[in-house]
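Here are some notes on this model, set out as numbered points. They take up a pocket, two helices and a loop residue.

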Amino acid sequence: MSNTPAILNNIIDNVEKVIVGKRKAIEFVIVSLLSRGHVLIEDMPGVGKTSLISALAKSVDCSFKRIQFTPDIMPSDITGFSMYNQKLGDFEYHPGLIMSQFVLADEINRTSPKTQSSLLEVMEENQVTVDGNIYKTPTPFIVFATQNPIEYLGTYPLPEAQLDRFFMKISIGYPNKDEELSILERHKKDTPLQALETVVSSDEIINMQHAVLDIHMDKSVAEYVVAITRATREQKSLALGASPRATLCLHRAAQAYAYIKGRDYCLPDDVMELSAPVLSHRVIVSHESRLKKITPEVIIGDILQGLKAPVI
């Protein structure tokens, strides 16, 4: 535990050579990685969604594949397929693009619901089933999906079942003036991503994933986690509240965030910090609230203000 904050800071600093001024977003992505959860990044085109994931994959020495989702991509392109091998006299499995430690599902909401559903099993169980045979993904395994806002033309909204399989949803946002000037300076001669070096091995990431499980959460903080998710189910401004899976994810996210901060125990502040990224995509705003342009993040913020946090 003593060297952990330094190692994680090295990863964050390394990624910041490519992504300028977005440390909080990078921290959230690493929280998901340590929690063995998948990440949905929703933002405008060109803000660095793909660059963030590519930089992280390089930093932690993990295999990386990118799937560019288009309307004509097929489920077999993702999961793989079996083909008859005349020499062997049997069917042979040809791995799909999902067989990698880091998978970038780029613009996931530009493909059909049928193709989107091919990710359901692998995101939940880290395996694919092809012709009745099960094939495990390598470890660590994480899906990073990017999507443009659903108002954009040519997009298919992700179904609730798939959204619930994403551990966290984040956005990067536009840089401020100084950050954008810094981006210009760094790209004068070459792309910073090309020169990026590995700072930690994938085996060390796996060890840290196990260590996160030992982070202590006091019973009062655990009750606070449950109170937040249960409050979403009772909120009139929400048509659908957070699932029990969301409760588990918020608990694990708080553990991972405490681990990043160099603590072996969780604070209520950890839960508050992670509530919106973990819960916002798992709830559905009521029709009336949608007309008033009330976002899930605002509703979750109201829930946090209405609940009394425990004192540790």
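**Notes on the second largest pocket, two helices and one loop residue**

1. In the second largest pocket, α11 supplies the largest share of the lining, with 5 residues. The model is a predicted one. The pocket holds about 580 Å³ of space. Its lining has 24 residues, and those closest to the pocket centre are Ser35, Arg36, Gly37, Glu124 and Arg252. Two or more lining residues come from each of α6 (120-125), β9 (166-170), α9 and α11.

2. What is the make-up of the lining of the second largest pocket in nonpolar, polar and charged residues? The split is 9 nonpolar, 8 polar and 7 charged.

3. Helix α1 covers residues 4-15, and its length is consistent with its residue count: at 1.5 Å a residue, the 12 residues should span 16 Å, and the end C-alpha atoms lie 17 Å apart. Thr4, Leu8, Ile11, Ile12, Asn14 and Val15 are its buried residues. Viewed down the axis of α1, these buried residues fall within an arc of 165 degrees, so they line one face of the helix. A helix has 3.6 residues a turn, so positions three or four places apart point the same way.

4. The buried residues of α1 pack against four helices: α2 (23-34), α3 (49-59), α9 (202-212) and α11 (244-260). Two of these partners, α9 and α11, are also among the elements that give two or more residues to the lining of the second largest pocket.

5. Helix α10 (residues 219-234) passes the corresponding length check: its 16 residues should span 22 Å at 1.5 Å a residue, and its end C-alpha atoms are 23 Å apart. The buried residues here are Val221, Tyr224, Val225, Ile228, Thr229, Ala231 and Thr232. Down the axis of α10, they fall within an arc of 150 degrees and so line one face of the helix. Lys219 and Glu234 are exposed, and they sit on the face turned away from the buried side.

6. Against which elements do the buried residues of α10 pack? They pack against β10 (238-240), α11, α12 (268-279) and α14 (296-306). Helix α11 is thus a packing partner of the buried residues of α1 and of those of α10.

7. Is Thr137 buried or exposed? Thr137 lies in the loop between β7 (133-136) and β8 (142-147). Its relative accessible area is 9%, and it counts as buried because this is under 20%. Leaving aside residues up to four places away in sequence, Thr137 touches Ile98, Met99, Val122, Asn126 and Gln127.

Note on methods: Residues are numbered from 1 along each chain as its sequence is written. This is a predicted model: local features need pLDDT of at least 70, side-chain atom pairs count only at pLDDT 80 or more; totals for chains, interfaces and linings use all residues. Side-chain values use heavy atoms; hydrogens and water are left out. The expected span of a helix is 1.5 Å times one less than its number of residues. Buried means under 20% relative accessible area, exposed over 50%, partly exposed in between (1.4 Å probe, protein chains only). The arc is that of the directions from the helix axis to the C-beta atoms. Contact means heavy atoms within 4.5 Å. On a 1 Å grid over the protein atoms alone, a cavity is a set of points where a 1.4 Å probe fits but cannot get out, and a pocket is an open set with protein on both sides within 12 Å along at least five of seven lines; lining residues have an atom within 4 Å of a point. Grid points are joined across faces, edges and corners, and a volume is the space filled by probe spheres set on the points. Ala, Val, Leu, Ile, Met, Phe, Trp, Tyr, Cys and Pro count as nonpolar, Asp, Glu, Lys and Arg as charged, and the others, Gly among them, as polar.
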